[in-house]
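Student: Could we go through this model term by term, so that each label is set against its definition?

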Amino acid sequence: MSPRSNQFSNASPSSSERSYLLLAIGLLVLYVFPYVWLGEGAYLTIHDNLDSDFLYLYLLKITGTAFDFDLNTIIPNAMSGGPFTGIPRSAFRTGINLEVLSFWLLPPYAAQVVNFAAVHGIGFLGMYLLAKKYLLLAPKWAFTRVAIAFLFALVPCYTVHGASVSGQPLLLFAFLNLLHHKSRWTDWLIVLFFPFYSFFVWAGLFICIALGVIGVIGMINKRSLSWPYVLGLLLLSIVYLASEWELIYAFVHQTYVSERVEFDFSQLRSMKVLDSLRRSADLFVWPMFNTGAFLTVGILTVAGVGAWRAYQRSDRRAVWWLVGLPVVAGVFCLIHGFYHYLVVWLGDSSLGMKFRVFQFDRFYFLLPTLWFCLFALALYQFRANSRWNRLVLAGQFVLMIVANKEWCINVGKMTGFVTEAQYPSFRAFFAEKQFAQIRAYIARPQADYRVICLGMHPSVAQFNGFYTLDSYQNNYPLPYKHAFRKIIATELEKGTRQMRVYYDAYACRVYLYTAELGMNYLFGKTQNESVSHLQINTNALKALNGEYVVSAVPIRNAAANQLRLEKVFDEPESYWRIWLYRVQ
């Protein structure tokens, strides 16, 4: 990607463009406003957030291990009991990360809101700078480039990933400056700090690979070596390795055997080619939820019409971009859709284990930036500020609002159309007052006993300082998976094949599964669910020092499982009604 002209690349914003920028910034403030207005009454996405990644960041704070770089450090708050001491610190986020720092400095909800604003603000700034200098240069495109930057800022990417997704345009802007020998000290600063606000496992590796390819293509076209670009990429890679050295070292040297070595992709994913193609097509039309899910059909349509107009004008360069970028997106989606074939083919070989433990198919984290670059280049084929141009931007705005499910829910909460029973707030989900009552009732140091949860995410108990046998962890020692399975073996046999496969072939969610509740972990007090035929291995539970069951549903046959009801806890602000059982 190279600039079409340098005439306006360094020009200051015009007065009209400044007005557009102020308007966009004002709208972004409104975007953040529901989270500030509702406070802890706001809804935050639970899946892969409050049930896991958000909790991991908070655990580092409450365990005092945020800045612990000792590879022997263990976090005992989850998956500890009996012979098991907990999860290695190296399985969590590095301490030299701005998100970890924010959670250490601020209360957890405040840290979430600050990161939410920062992530989306960085997305706006990066896409605006990229569009202004390399995509839509001329002053007449001021409205369009500000609008595209604003729309990109609305991409609903997971805040817990930092700027892994939203920061890509800013990083690309810096690297294109290096490639074209137009860099300033700020570009080097962006390269230096990006790894500290992103995550290598999710996006960093794939960003480095993509920048490497862009650099090679750019230097071949220029027929000259750009040393600033090479040094910039080397700096980015080294800083990533330095910032994530604990995780990378543990992966390379296998300081412990991860449960991920038993990921069975032949069971987790269909081995039918048609199903893999469908999976790829779904990702192409609607990117992965944690990278920023939104409908891409509108952008594809505009790109198709733009490519045709460019072809009619014999603008081969524009046609190449407008056709080539969707092809690249398609390749990324096919890599994800067919990745499991490679893993299954490699089997239990050393290389196969590496590809199983570390998912090398996550190029889809690059898709949001790719789609919006394509969007800008497609709109360039039409007249700036035309009715068509603005209609397309308005249509994409509607699609982005619809895609922002969490934000829409919070607007619904503000207006009274969404209730706590439908979508629990942060306060109701973590129910600190209620769990303080449970803690006071047990009246023992929390490190002295272990609990297991039923009908609710273990992260709720962990957030409140309880040490749990169950947890949602994407990386933990393999032996624990086998020890925990003994507790739920009968329930897995009674349950569906999907539930058995989910545990045996995946087991990131080490939960107290039951055939009656299935794979649902969110039973609020208004749902009136119960379990009547529970069959757990209480001896296996005792072997892990499990003493209490914290249940969101009543267990009708508790005595048959050597469980005694201690007390029922209810609290007005809580999403849950908790039945506390003691293991006999």
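Tutor: The nonpolar surface patch is a place to begin, and helix α4 gives the most to that patch, with four residues. Before going on, note that this is a predicted model, in which local features need pLDDT of at least 70 and side-chain atom pairs count only at pLDDT 80 or more, while totals for chains, interfaces and linings use all residues. Residues are numbered from 1 along each chain as its sequence is written, and side-chain values use heavy atoms, with hydrogens and water left out.

Student: What makes the nonpolar surface patch, and which residues belong to it?

Tutor: By definition, a patch is made of residues with over 30% relative accessible area and no salt bridge, where nonpolar side chains (Val, Leu, Ile, Met, Phe, Trp, Tyr) are joined within 5 Å and like charges within 9 Å. Here F67, F69, I96, L98, L101, W104, L105, W245 and Y249 make a patch of about 800 Å². The elements that give two or more residues to this patch are α4 (98-105) and α11 (245-253), helices being DSSP runs of H or I with at least four residues and strands runs of E with at least two, numbered from the N terminus. The areas come from the Shrake-Rupley method with a 1.4 Å probe, and for residues only the protein chains shown count as cover.

Student: Why is L101 called partly exposed?

Tutor: The place of L101 is in helix α4, and its relative accessible area is 31%. Buried means under 20%, exposed means over 50%, and partly exposed is what lies in between, so L101, at 31%, is partly exposed. L106, in the loop between α4 and α5 (108-135), has 29% relative accessibility and therefore also counts as partly exposed.

Student: How do you know that E17 and K132 meet in a salt bridge?

Tutor: A salt bridge is a side-chain nitrogen of Lys or Arg within 4 Å of a carboxyl oxygen of Asp or Glu, and the N to O distance for E17 and K132 is 3.8 Å. The pair links distant parts of the chain, with E17 in helix α1 (residues 15-38) and K132 in helix α5, 115 residues apart. Both E17 and K132 are buried. The structure holds 17 salt bridges, and another of these joins D361 to R269, likewise with 3.8 Å from N to O. This pair, too, links distant parts of the chain, since D361 is in the loop between α17 (350-357) and α18 while R269 is in the loop between α12 (265-268) and α13, 92 residues apart. Both D361 and R269 are buried.

Student: What makes K494 and E491 a salt bridge, and is each partner buried or exposed?

Tutor: Their side chains meet at 3.0 Å, N to O, and both residues lie in helix α24 (residues 478-494), three residues apart, about one turn of the helix. K494 has a relative accessible area of 35% and so is partly exposed, whereas E491, at 0%, counts as buried. Elsewhere, salt bridges that share partners join E17, K132 and R145 into one network.

Student: Why are α13 and α16 called oblique to each other?

Tutor: The axes of α13 (residues 273-285) and α16 (residues 316-346) come within 8 Å and cross at roughly 140°. Angles under 35 degrees count as roughly parallel, over 145 as roughly antiparallel, 65 to 115 as roughly perpendicular and the rest as oblique, and α13 and α16 are therefore oblique to each other.

Student: Why, then, are α18 and α19 called roughly antiparallel?

Tutor: Helix α18 (residues 367-379) and helix α19 (residues 387-403) pack at about 160°, with their axes 11 Å apart, and they are therefore roughly antiparallel to each other. The axes are lines fitted to C-alpha atoms, for helices over the stretch in contact, and angles run from 0 to 180 degrees between N-to-C directions.

Student: What is the sign of phi at S314, and why is S314 called exposed?

Tutor: Most residues other than glycine have a negative phi. Phi of S314 is near 60°, a positive value in a residue other than glycine. S314 is found in the loop between α15 (297-312) and α16, and with a relative accessible area of 60% S314 is exposed. Q562 has a positive phi of about 60° as well, although Q562 is not a glycine. The place of Q562 is in the loop between β6 (546-551) and β7 (563-570), and at 34% relative accessibility Q562 counts as partly exposed.

Note on methods
Buried < 20%, exposed > 50% of the residue type's maximum accessible area, 1.4 Å probe, protein only.
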